[in-house]
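Hello,

Here is the structure I promised to pass on. My notes on it follow below.

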Amino acid sequence: MKIIPGPSSTELGRKIAEILGVETVSVAHKKFPDGESYIRLESEVAGEEVAIVQSTGPPQDTNLIQLFILADAAKDLGAKRVIAVVPYLAYARQDKRFLPGEAISIQTIGKLLKASGIDELITVNIHQEKVLEKFEIPAKNLSAAGLLASYFKSKGLESAFASAPDEGRTEFVMEASKVLGGGYGWLHKERDLYTGEIRTEERTLDVSGKDVIIFDDIISTGGTMANAVKIFKEQGARRVFAACVHPLMIGNAKEKILQNGAEEIVGTDSVPSNVTVVSLAPLIAEELARRIKG
Ligand code: R5P
């Protein structure tokens, strides 16, 4: 197997290759003056199984088109199998028609992955795993819950309460709680479909005097996490930490969450950001190693 670190995930791709002890294929890339992407694979892929590592955080559309071009080029240059490692899969939140006439964007992405020659997808904590069932290529969803929880454990937070801002992350916090051992629970959140405004319900959880870690898949504008931090602080939590797999960190997301009382925000390198602390490389390398062993 050879690893192709895509332009959006160069460092993560190289780390994965280093753990696996396999070669990387460097990618030369640039933007033409009109905004189009140029891609060139700088070494041979003919006859190889390749894993393209290309997360699709902002700018999502550029990162997606680069992924499609890379996959198509690899196949065209003779790669025998193409695995796309896309830790953050853009458009996954638009997974149904919330309002009449809406596009189900993730369905389109699924079709384009197959059309560009990708044989298999590996992603991490996709917003709703069930969308993968409709993809026409095999897709594996890994979970970074253990990695994030272990990070906090190594910082002395071994009996922290694992929580989530809404019911969407229940499995995640249960998994994290197995590492932390301090109990778990979640809040309830509603989002206005027209304005995007969030309302978090103040469910009372037994957090008084405890350290609380709030886990979410994505921090985008930070609104969801900031609300949850505020609620746990008001409920008497000793310290509140914020963690996510995909730190999109749009605008002043970081400040918003810290201003509401979070001690620290911890994200992974799924999307390189100002809160990236934990690397997904060991998790992804372990999964790819299974394919190398056959
Ligand atoms: C949505 O349900 C996700 O799990 C996240 O909670 C959401 O995407 C975070 O968005 P924001 O940071 O803009 O509130």
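Start with Leu-288. In this predicted model, Leu-288 touches Met-1, Ile-3, Ile-16, Leu-20, Ala-51, Ile-83, Val-85 and Ile-122, leaving aside residues up to four places away in sequence.

Leu-288 also belongs to the largest nonpolar core, which has 40 residues. Ile-16, Phe-152, Ile-213, Phe-215, Ile-284 and Leu-288 touch the most other members. Two domains feed this core: domain 1 (2–144 + 279–293) and domain 2 (145–269) each supply at least three residues. A second core is separate and holds 36 residues. Leu-41, Tyr-88, Leu-113 and Ile-137 are among them.

Next, the sheet. It is open and has five strands, paired in parallel. Their order is β1-β4-β5-β6-β7. At the edges sit β1 (2–5) and β7 (139–142), and each pairs on one side only. On average, neighbouring strands are turned by 20° against each other, direction ignored.

Look at one pair inside the sheet. Strand β5 (residues 81–86) and strand β6 (residues 120–124) run parallel and are joined by four bridges. Val-85 has Ile-122 in β6 as its bridge partner. Leu-288 touches both Val-85 and Ile-122.

Last, the helices. Helix α1 (residues 10–20) lies across β1 and β4 (49–53). Its direction is at about 165° to β1. Helix α8 (residues 281–293) packs on the sheet too. There, helix α8 touches β1, β4, β5, β6 and β7. The direction of helix α8 makes about 155° with that of β6.

Best wishes

Terms used
Residues are numbered from 1 along each chain as its sequence is written. This is a predicted model: local features need pLDDT of at least 70, side-chain atom pairs count only at pLDDT 80 or more; totals for chains, interfaces and linings use all residues. Side-chain values use heavy atoms; hydrogens and water are left out. Two strands pair if DSSP finds at least two bridges between them. Helices (H or I, at least four residues) and strands (E, at least two) are DSSP runs, numbered from the N terminus. Axes are lines fitted to C-alpha atoms, for helices over the stretch in contact, and angles run from 0 to 180 degrees between N-to-C directions. Contact means heavy atoms within 4.5 Å. A nonpolar core is a set of buried Ala, Val, Leu, Ile, Met, Phe, Trp, Tyr and Cys residues joined through side-chain atoms within 4.5 Å. Buried means under 20% relative accessible area, exposed over 50%, partly exposed in between (1.4 Å probe, protein chains only). Domain bounds come from an automatic or database domain assignment.
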